[in-house]
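User: I am new to this structure and would like a close look at one part of it. Please begin with the overall layout and then turn to that part.
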Amino acid sequence: MNYITIGRFTLPADLLAAFAAIFIGALIYRAREKKSIGDWYWNSFFIYIAVYKLSYAVFNFKMFLDTPFSLLYFNGGTEGQILAFTGIAIYLYLITRKKENLVLVSEFLPGYFLFFLLYWTGLFAFSEDFIAAGLQAILFIVFAAFYFKKVKLNMEYAILFLMVEALILSLFSELLALDNLLIFALGLYLIMFQRFKKEDAQH
């Protein structure tokens, strides 16, 4: 894992990339939609962090009881990541089931791509892999052009963007790394979710 030093603080590159992506993604959404992104976007990020960190206590219960402050420095590892992404998928499903639901399922996929395309761009840049960061930036600009031209992000376009992303990761990263696979799995879940909700609405 790469680390970035800012003053007296040293932080993981992936954490910095995630924080940058979530705020820049929300600003881009606001610029295009002329409104703030929904709470689901922020809540999903919070759920990921909370489950990923707190799952450490579940999988290392004895160590957590002996040294509770270890929770600040450690996370739930592989199992924690799986639980965190599962938590996001369940949360997004449940909020669309509420009768008073005002969340549009069609917002999920643009939010997903805005965040993760920015995240990977930032992660490569912070890791000083500038060729990969440049290709990621190009892919993000193409997606942003689609987004601002209000091209409908249907299943075919969404899968195309995922395939190009997979190609870039296969060249510059570990495509089959668990965290990458979980991100792709969440994307496929949202694609299918959007498709099924659309079919529900037509019946």
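How many helices and how many strands does the protein have? After that, please look closely at strand β1 and strand β2: in which sense do they pair, and over how many bridges?

Analyst: The model is a predicted one. The protein has eight helices and two strands. Read from the N terminus, the order is β-β-α-α-α-α-α-α-α-α, with both strands placed before the helices. The radius of gyration is 18 Å, close to the 17 Å that the globule rule gives for 203 residues, so the protein is as compact as a globular protein of that length. Along the principal axes, the C-alpha atoms fill a box of roughly 55 × 45 × 30 Å.

A few totals describe the whole chain before the close look. Of the 203 residues, 40% are buried. Among contacts between residues at least 6 apart in sequence, 63% join residues at least 24 apart. The exposed area is about 12,200 Å², and carbon and sulfur atoms supply 69% of it. There are 16 positive and 15 negative side chains, and the centres of the two sets lie 11 Å apart.

Now the part you asked about. Strand β1 covers residues 3-6 and strand β2 covers residues 9-12. The two pair in the antiparallel sense, over four bridges. Together they form a hairpin with two residues between the strands. Gly7 is in the turn, and its phi is positive, about 65°.

The bridge partners can be followed across the hairpin. Ile6 of the protein has Phe9 in β2 as its bridge partner. Tyr3 stands opposite Pro12 in β2.

The residue Asn2 belongs to the segment before β1. Asn2 is partly exposed, with a relative accessible area of 40%; that value falls in the partly exposed class because buried means under 20% and exposed means over 50%. Setting aside residues up to four places away in sequence, Asn2 touches Leu11, Pro12, Ala13 and Ser127. Pro12 thus appears in two places in this account: it is touched by Asn2, and it is opposite Tyr3. The contact with Ser127 leads to another part of the chain. Phe126 is 124 residues from Asn2 in sequence, yet their C-alpha atoms are 7.9 Å apart in space.

The loop between α5 (108-126) and α6 (130-148) holds Glu128. Glu128 is exposed, with a relative accessible area of 60%. Its phi is near 60°, a positive value in a residue other than glycine. For context, most residues other than glycine have a negative phi.

Lys34 offers a second case of a positive phi outside glycine, with a value near 60°. Lys34 is found in the loop between α1 and α2, and it is exposed at a relative accessible area of 70%. Lys35 is also in the loop between α1 (13-33) and α2 (39-59). Lys35 is partly exposed, at 38%. Apart from neighbours within four places in sequence, Lys35 is in contact with Tyr29, Arg30 and Glu107. The C-alpha atoms of Lys35 and Gln81 are 31 Å apart, with 46 residues of separation in sequence.

Phe108, in helix α5, gives a buried residue to set beside these. Its relative accessibility is 1%, so it counts as buried. Leaving out residues up to four places away in sequence, Phe108 touches Trp40, Leu92, Ile95, Thr96, Val103, Leu190 and Phe193. Its C-alpha atom is separated by 9.4 Å from that of Gly187, although the two residues are 79 apart along the chain.

To return to your question, β1 and β2 pair in the antiparallel sense over four bridges, and the hairpin has two residues between its strands. Just before the hairpin, Asn2 is in the segment before β1 and touches residues including Pro12 and Ser127.

Terms used
Residues are numbered from 1 along each chain as its sequence is written. This is a predicted model: local features need pLDDT of at least 70, side-chain atom pairs count only at pLDDT 80 or more; totals for chains, interfaces and linings use all residues. Side-chain values use heavy atoms; hydrogens and water are left out. The radius of gyration is taken over C-alpha atoms; the globule rule is 2.2 Å times the number of residues to the power 0.38. Buried means under 20% relative accessible area, exposed over 50%, partly exposed in between (1.4 Å probe, protein chains only). Contact means heavy atoms within 4.5 Å. Accessible areas come from the Shrake-Rupley method with a 1.4 Å probe; for residues, only the protein chains shown count as cover. Lys and Arg count as positive and Asp and Glu as negative; His and the chain ends are not counted. The place of a charge is taken as NZ of Lys, CZ of Arg, CG of Asp or CD of Glu. Two strands pair if DSSP finds at least two bridges between them.
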